[in-house]
Amino acid sequence: MKKTIIRLLIITPFAIVIGYIVGTGGTTILKQNVPSLFEQYPAAMEWEAEGVPQTVQSIFLSLDVDPVVEPIPKGRPGSGGALTSVDETLLLMTHEGQFFDVTGRSAIELDIAPPPNGWDAMLAFEAANPDYTWGHFFFRYNDVDYSDGRLFVSYAEWVEGEDCYRTSLASVPLEDTAGGKVTAGDWTRFFSTVPCLAPKTSGRAIDGHMSGGRFRLGPDGTVYLASGDYAVDGTYAPIAISQDPDQQYGKVLAIDPDTGASRTVSQGHSNMQGISFDHRDIDNLSMISDLIDLAMRAESLMDEKTSPDCRRRV
């Protein structure tokens, strides 16, 4: 019996590299903006002279990179964003939701507005509530993908009027847009995590860098979202929500992009930075299901008997 098995990838150093590639402007983006990574992981990357195709190597794969020469405009500092392909076009989305064609040697800004994320309303709340500590660097658009004529985006969203935040998914049919232009109103938000989280009164109000937010489209069109816990983990917040079945954070969620219906695939995570699919034939799925159940029960037992600091180290 042939089944698709979801494999989670937690690849923090490599994820940081990708974040800086798409979230920071520069002539030779990686080499000029994240030298500390080269000092920390000197054997992980090989770079040739500027203007020459380069290779980024990780423990998973090697990427041949033809560097974007022109700087990518950005407004506020931050990291995040992602890359995808739309037919023959390499599409880059920055942490602010700007879209660029980076197929060639220049970054060409596209007339695509991102789905609304409540940014201005969040700034208004911040101005009216000076006791909170904010880190705008981390409030971002997380991931982008394209399939069957639809562009998909995941992002952190501030909900005006409710004064809370969540992770949302939206899509837009590119073929139906006028002349390739996408306005904010063209997007359809088809899913948002629940409940909407109130900003934290200690530490950062929103730990957006712990939102996860990466997703992949399954073979049947299902969206698999790596929903982070925003550091509401029992260490940086009084409670840990990743093991709470009523909280859609710290979980892998399977979402129907047409109806928004969702189910939890796995839980007990923190800040996942990738999802991949294993398409190999699996003969004994009942054994795998039993092993997963055993592992989740063991994790729940550890959650009950250990301190938050110990859980985080494990």
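Is cysteine 196 buried, partly exposed or exposed? At 23% relative accessibility, cysteine 196 counts as partly exposed, where buried means under 20% relative accessible area, exposed means over 50%, and partly exposed lies in between (1.4 Å probe, protein chains only). The model is a predicted one, in which local features need pLDDT of at least 70 and side-chain atom pairs count only at pLDDT 80 or more, while totals for chains, interfaces and linings use all residues. Residues are numbered from 1 along each chain as its sequence is written, and side-chain values use heavy atoms, with hydrogens and water left out.

Cysteine 196 is a good place to start, for it takes part in a disulfide. A disulfide is a covalent bond between the sulfur atoms of two cysteines, and here the term is applied to a pair of cysteine sulfur atoms within 2.5 Å. The structure holds one disulfide, and this bond joins cysteine 196 to cysteine 164 with an S to S distance of 2.1 Å. The link of cysteine 164 and cysteine 196 is right-handed, with 100° about the S-S bond. Because cysteine 164 lies in strand β11 and cysteine 196 in the loop between β12 (188–192) and β13 (212–217), the pair ties together parts that are 32 residues apart in sequence. The strands named here, like any helices, are DSSP runs numbered from the N terminus (helices H or I, at least four residues; strands E, at least two). Unlike its partly exposed partner cysteine 196, cysteine 164 is buried, with a relative accessible area of 5%.

The loop that carries cysteine 196 also holds proline 195, which is found between β12 and β13. The peptide bond from valine 194 to proline 195 is cis, with omega near -5°.

From the disulfide we turn to charged pairs. Side chains of opposite charge can pair when their charged atoms come close. With a salt bridge taken as a side-chain nitrogen of Lys or Arg within 4 Å of a carboxyl oxygen of Asp or Glu, a search of the whole structure finds six salt bridges. Among them is the contact of arginine 214 with aspartate 143, whose side chains meet at 3.7 Å, N to O. Arginine 214 lies in strand β13 and aspartate 143 in strand β9 (residues 141–147), so this pair ties together parts that are 71 residues apart in sequence. Both arginine 214 and aspartate 143 are buried, and for aspartate 143 the relative accessible area is 3%.

Aspartate 143 also forms a salt bridge with arginine 216, the closest N and O atoms being 3.4 Å apart. Since arginine 216 lies in strand β13 and aspartate 143 in strand β9, this pair ties together parts that are 73 residues apart in sequence. Arginine 216 counts as partly exposed at 34% relative accessibility. Asp143, Arg214 and Arg216 are thus described as linked in a network of salt bridges. Another of the salt bridges is formed by aspartate 207 with lysine 200, where the closest N and O atoms are 2.5 Å apart, and both aspartate 207 and lysine 200 are buried.

Charged residues also appear at the surface, where Asp120, Glu160, Glu162 and Asp163 form a negative patch. Patches are made of residues with over 30% relative accessible area and no salt bridge, like charges being joined within 9 Å and nonpolar side chains (Val, Leu, Ile, Met, Phe, Trp, Tyr) within 5 Å. Within the patch, glutamate 160 has its place in the loop between β10 (150–159) and β11 (164–173), and at 66% relative accessibility glutamate 160 counts as exposed. Aspartate 163 is found in the loop between β10 and β11 and counts as partly exposed at 34% relative accessibility.

The backbone of aspartate 163 deserves a look as well, since its phi is near 55°, a positive value in a residue other than glycine. Aspartate 148, which is not a glycine, likewise has a positive phi, of about 50°. Aspartate 148 lies in the loop between β9 and β10 and counts as exposed at 78% relative accessibility.

Two further residues can be placed by their C-alpha distances. Tyrosine 236 lies in the loop between β14 (223–227) and β15 (251–255) and is partly exposed, with a relative accessible area of 49%. Tyrosine 236 and glycine 203 are 33 residues apart in sequence, and their C-alpha atoms are 7.3 Å apart in space. Threonine 264 lies in strand β16 (residues 262–267) and is partly exposed, with a relative accessible area of 36%. The C-alpha atoms of threonine 264 and leucine 225 are separated by 9.8 Å, with their positions 39 residues apart along the chain.

Note on methods
Accessible areas come from the Shrake-Rupley method with a 1.4 Å probe; for residues, only the protein chains shown count as cover. Lys and Arg count as positive and Asp and Glu as negative; His and the chain ends are not counted. The place of a charge is taken as NZ of Lys, CZ of Arg, CG of Asp or CD of Glu.
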